[in-house]
Amino acid sequence: MVVCMLRVCQRRSVFAARPRQHHWPFSLSGVSHGLYSTKTAPQIPGMEYQDAICTLNTLQTNASALEQVRRERSHPQLQLQAMRGFLERAGLTVEELDHLNIIHVTGTKGKGSTCAFTEHILRRYGFRTGFYSSPHLVQVRERIRINGQPIGKELFTKYFWQIYGRLDETKDAYGGTMPAYFRFLTILAFHVFLQEKVDLAVIEVGIGGAYDCTNIIRRPWVCGISSLGIDHTQILGDTIEKIAWQKGGIFKLGVPAFTVKQPEDAIGMLRSRASEMRCPLWVCPELEEYQAHCGPLHLGLAGQHQRSNASLALQLSHTWLQRRCLPGPSFPSDGVADTAVQQALAFKPSPIMIKGLADTEWPGRNQTLKHGAVTYFLDGAHTMRSMQACVHWFRETAVQHERNASGPVIRVLLFNATGERDSAAMLKLLVPCHFDFAVFCPNITEAIASCNADQQNFNVSVEHMLTRCLDNERSWHLHNSTGHTKGAPLLIESSLALAPEKKADTLVFPCILSALQWITQGKDPVLADPAERELPVKPSVMARAAPLCNAAEVHVLITGSLHLVGGALKHLDPASSK
């Protein structure tokens with residue numbers, strides 16, 4: 001990471017005007033080191049992708065931004081006012097966003113998958129699509145997609161410096177303020193989509209809806225709300241009604257909105273919000289109802305819970321096509337909104353829609369990767385409801401794989417959770433999966449220092465992350481009624497402070513790579529690549545891996561955090577880092 005910071009500073013001659021001091025936080029050492037940066041020109045020749053990402057990371061104040069949101073809950077409109085100000089400083093206007101023909105989607109679980117289905121369907125119709133989502137798994141540019149693909153490094157770099165330069169050169173007039181990480185990326189996405197002249201943009205809400213920075217959108221073509229549940233309670237509230245109020249904040253006057261079947265309290269609040277906004281609201285039919293017209297529908301995303309996401313995507317894409325391509329009073333949602341929630345009708349999906357659903361890909365969600373004798377099941381579930389869905393998917397899918405195994409199979413859980421989420425409750429849901437090993441590690445891709453700026457997190461110390469892992473391990477022991485055992489020696493010989501192991505069936509590692517290498521025991525040809533530097537593991541720990549070495553196959557469920565899944569994919573799918 002130090003290398004990344006120095007790369008930016010070494011190019012300070014290409015910046016214009018006088019220097020200003022910034023403090024660049026170092027994530028592994030836990031100290032701050034003052035380096036000098038200067039005002040940025042709108043576009044800077046010679047600046048590379050990693051320079052842009054390292055500079056972007058100086059805006060990475062997500063934890064403090066969330067704290068600011070909590071402090072300003074009595075005046076939350078200030079957040080949208082601030083976003084409009086940053087947008088104007090970047091040279092954009094909210095009126096320009098009207099030309100993006102936006103589909104705006106929120107929800108607690110499944111909003112990203114819904115967006116992926118919707119984008120893929122409309123792209124198959126021949127439209128040039130933009131897609132903004134969060135978080136990224138491996139590289140930041142995954143958040144901003146054109147025609148389903150993350151924008152290239154050159155394009156990201158070009159547009160990054162245009163926006164960063166405009167904001168940086170105006171900040172003195174605004175008390176030195178710069179937008180936080182997510183706000184900046186949202187502005188950048190709007191800029192990219194306008195410059196690249198997309199036909200439509202699918203925009204996924206970050207957190208909530210009403211006061212999310214994406215909600216400066218004035219005139220989306222259609223809005224969607226996926227399954228609601230309890231998450232981000234310190235920001236959105238601690239009841240399903242409070243959360244539904246926030247999510248319903250994306251409704252706009254006269255703009256059709258769709259949601260999936262929700263808990264009674266949630267649908268009641270959504271009905272109230274729709275009535276308040278004079279927004280027509282429909283509840284999507286079950287996916288089986290479409291099949292009466294076209295036969296079985298096959299989805300590219302695994303898991304029973306994806307069926308409601310697919311139904312929502314069908315309604316969103318169908319409505320967008322009607323409003324965009326067949327404008328006129330024939331579409332009922334263009335009139336005055338009904339105060340009641342209406343039941344959307346199933347229709348006969350076109351062959352393009354059917355193909356779009358079947359071919360949709362969305363990495364890190366119910367994803368299966370087979371590398372030789374090791375099969376990885378990756379799902380970024382991080383709420384109670386999404387973990388329930390993950391467990392159902394894993395148990396069903398793993399059994400299918402085990403039937404075809406050539407011999408004994410070892411099941412391993414690789415888990416981490418972040419933020420305010422209830423790790424213990426999620427782990428309790430995982431106990432019935434009968435894992436042979438439960439392995440815990442922080443969302444650090446590797447313990448060896450490298451310039452992997454895309455996956456750096458400045459908001460949480462390494463000590464805090466490792467303590468959280470130990471807490472997760474204790475919770476696992478309690479759920480399995482094993483009690484506590486005396487701590488054992490550290491797991492890996494490294495300069496990074498490591499966590500003690502607690503019991504034979506659980507281990508805590510300092511990073512994702514060391515955990516994966518121990519779990520796979522050389523059985524994964526990708527991890528056995530010389531490019532993946534192997535960390536030295538103590539003999540006592542290696543001895544505990546005998547069941548892994550003797551197994552015909554190893555099945556690994558990686559879950560609890562999308563950041564954990566992304567860090568794993570960096571090693572398991574090297575192409576994702578290029």
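This is a short tour of a predicted model, with a selection to make at each stop.

**Stop 1: helix 7**

Start by selecting residues 153–170, which make up helix 7. How does the distance between its end C-alpha atoms compare with the span expected for 18 residues? At 1.5 Å a residue the helix should span 26 Å, and the end C-alpha atoms are 26 Å apart, so the two agree. Now colour the helix by accessibility: the buried residues are F156, T157, Y159, F160, W161, Q162, I163, Y164, G165, L167 and D168. As you look along the axis, keep in mind that an α-helix has 3.6 residues a turn, so residues three or four places apart point the same way.

**Stop 2: an aromatic cluster**

Keep F156, F160, W161 and Y164 on screen, then add Y49 and F184; these six residues form one aromatic cluster. Next, show R141 as sticks. Its place is over the face of Y49, at 6.0 Å from the ring centre.

**Stop 3: T214 in its loop**

Move on to T214, which you will find in the loop between strand 7 (200–204) and strand 8 (222–225). Is T214 buried or exposed? Its relative accessible area is 0%, so T214 is buried. Turn on the side chains of T214 and H104 to see a polar contact of 2.9 Å between them. To fill in the surroundings, select H104, Y132, F182, T186, I203, E204 and V205: T214 touches each of these, leaving aside residues up to four places away in sequence.

**Stop 4: aromatic pairs**

Zoom out for a moment, as the whole structure holds 20 aromatic pairs. Pick F258 and W282 from among them: their ring centres are 5.5 Å apart and the planes meet at 20°, so this pair is stacked. The two residues come from distant parts of the chain, with F258 in strand 9 (residues 257–259) and W282 in strand 10 (residues 281–283), 24 residues apart. Both F258 and W282 are buried.

For another geometry, select F509 and W518. Here the ring centres lie 5.9 Å apart with the planes at 40°, so the pair is tilted. F509 has 0% relative accessibility and therefore counts as buried. W518, with a relative accessible area of 2%, is buried too.

**Last stop: a charge over a ring**

Finish by selecting R273 and W245. Which residue has R273 over its face? That is W245, and R273 sits at 3.7 Å from the ring centre.

Key. Residues numbered from 1 in each chain as written. Predicted model: local features only at pLDDT ≥ 70, side-chain atom pairs only at ≥ 80, totals over all residues. Heavy atoms only, no water. Helix = DSSP H or I, 4+ residues; strand = E, 2+ residues; numbered from the N terminus. Expected span 1.5 Å × (residues − 1). Buried < 20%, exposed > 50% of the residue type's maximum accessible area, 1.4 Å probe, protein only. Polar contact = N/O pair within 3.5 Å; in protein donor to acceptor, adjacent residues only side chain to side chain. Contact = heavy atoms within 4.5 Å. Phe/Tyr/Trp six-rings, centres within 6.5 Å; stacked < 30°, edge-to-face > 60°. Lys NZ or Arg CZ within 6 Å of the ring centre and 35° of its normal.
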